[in-house]
Every structure is written in structure tokens, then in C-alpha cells.
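Student: I should like to learn how the features of an unfamiliar structure are read. Could we work through one together?

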Amino acid sequence: MAKCLTTNLLRKSMAWSVSESRYSYQKMLSMLKSLSKAEIIQQMRIAYEYFIVENKDVDFSFPILILVDEKDSTGKVKAYCKEWAKQTGYPLHFIKQAKHFANGDNPEQVNKEIEKFIIETVHKERKNYAVL
């Protein structure tokens, strides 16, 4: 379907689909500006076709925080994140008033979630070591 759109319309459509705020929309447009239509379509192909295949059996040996945007409608991102958290027990936090570009739409909450996660992770790690 993306091939049917003009390059400019494709960029605008993508920017609106991932952005809740005007700032995110403008930022996304500026990021897409240097990409050709073929490059944008290739990135979409990678995101939709290969992501699930390449990441189906991933196991991390470090702390994980899953942030998903309350209004995210990009592919199945929200559903995948919910299922990933359910199957792994990784903490899942929803970013309010944000689409897929949450750090542009609601940077305050994104930063707070990350900061809290780091502090909690460091605190847990310190408990695992005895002070000599």
C-alpha cells in the first residue's frame, strides 16, 4: 500500500501514525526527510516482516523494562509488549498520551520510568552483594 502513496504523503502518514504531539510529528518528518520512498518502504518491511522472526527466542541476561505507548497503534507493538511481559515477568509500563514515538510525545514520563527502573535495579543489585 505504501507504494501507492507519494513520498511526501508517505512521510506525513507515517509521522502522524506514530505521533500524538505536534513536536513528535515535526521531529518524525525531519527524520524521514532524508530517506527515499524505497528506503522508507524497506524499513517498514524490516519492521513488519523480520522483527518477530528475529526476536522470537531472545533471552536477555540483564534487567529489562518494557515501555509501551498508551495510544500505540503501530502494527502489533502493544499486543506483543503485553504478551512479552506476561510470558517473562518483565515490568511493563504504559506511557500516557503517547503513540509509538513516546519519548517525543511524553518525555517526562519516559524519563521518570527509566530513572525509577535504574534506581530499583541498582538497589536490587546492591542487596545481592555482601559488604565486607
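Student: Which classes of residue make up the lining of the second largest pocket?

Tutor: One begins by sorting the lining residues by class. In this predicted model, the lining of the second largest pocket has 10 nonpolar, two polar and two charged residues. The pocket holds about 220 Å³ of space.

Student: Which residues lie nearest the centre of that pocket?

Tutor: Of the 14 residues in its lining, those nearest the centre are Leu67, Val68, Asp69, Val77 and Cys81.

Student: Which element gives the most to the lining?

Tutor: Strand β1 does, with four residues. At least two residues of the lining come from each of β1, α4 and α5, the last spanning 102–105.

Student: How many helices and strands does the chain have?

Tutor: The chain contains six helices and two strands. Their order along the sequence follows the pattern α-α-α-β-α-β-α-α.

Student: In which direction do the two strands run relative to each other, parallel or antiparallel?

Tutor: Strand pairing is read from the bridges. Strand β1, residues 66–69, and strand β2, residues 92–95, run parallel and are joined by four bridges. As one example, Leu67 has His93 in β2 as its bridge partner. Leu67 has already appeared among the residues nearest the centre of the second largest pocket.

Student: What unit do β1, α4 and β2 make?

Tutor: Together with helix α4, residues 77–88, the two strands make a β-α-β unit, and this unit is right-handed.

Student: How many disulfides does a search of the whole structure find?

Tutor: The search finds zero disulfides.

Student: Is Cys81 buried or exposed?

Tutor: The cut-off for a buried residue is a relative accessible area under 20%. Cys81 has a relative accessibility of 13%, so this residue counts as buried. For an exposed residue the value must be over 50%. Cys4 is therefore exposed, since its relative accessible area is 73%. Over the chain of 132 residues, buried residues make up 26%.

Student: What is the phi of Gln97?

Tutor: The general idea comes before the case. Most residues other than glycine have a negative phi. The phi of Gln97, however, is near 50 degrees, a positive value in a residue other than glycine.

Student: Where does Gln97 lie, and why is Gln97 classed as partly exposed?

Tutor: Gln97 is in the loop between β2 and α5. Its relative accessible area is 47%, and therefore Gln97 is classed as partly exposed, a class that lies between the cut-offs of 20% and 50%.

Technical notes
Residues are numbered from 1 along each chain as its sequence is written. This is a predicted model: local features need pLDDT of at least 70, side-chain atom pairs count only at pLDDT 80 or more; totals for chains, interfaces and linings use all residues. Side-chain values use heavy atoms; hydrogens and water are left out. Two strands pair if DSSP finds at least two bridges between them. A crossover is right-handed if, with the strands pointing away from the viewer, the path from the first strand over the helix to the second runs clockwise. A disulfide is a pair of cysteine sulfur atoms within 2.5 Å. Buried means under 20% relative accessible area, exposed over 50%, partly exposed in between (1.4 Å probe, protein chains only). On a 1 Å grid over the protein atoms alone, a cavity is a set of points where a 1.4 Å probe fits but cannot get out, and a pocket is an open set with protein on both sides within 12 Å along at least five of seven lines; lining residues have an atom within 4 Å of a point. Grid points are joined across faces, edges and corners, and a volume is the space filled by probe spheres set on the points. Ala, Val, Leu, Ile, Met, Phe, Trp, Tyr, Cys and Pro count as nonpolar, Asp, Glu, Lys and Arg as charged, and the others, Gly among them, as polar.
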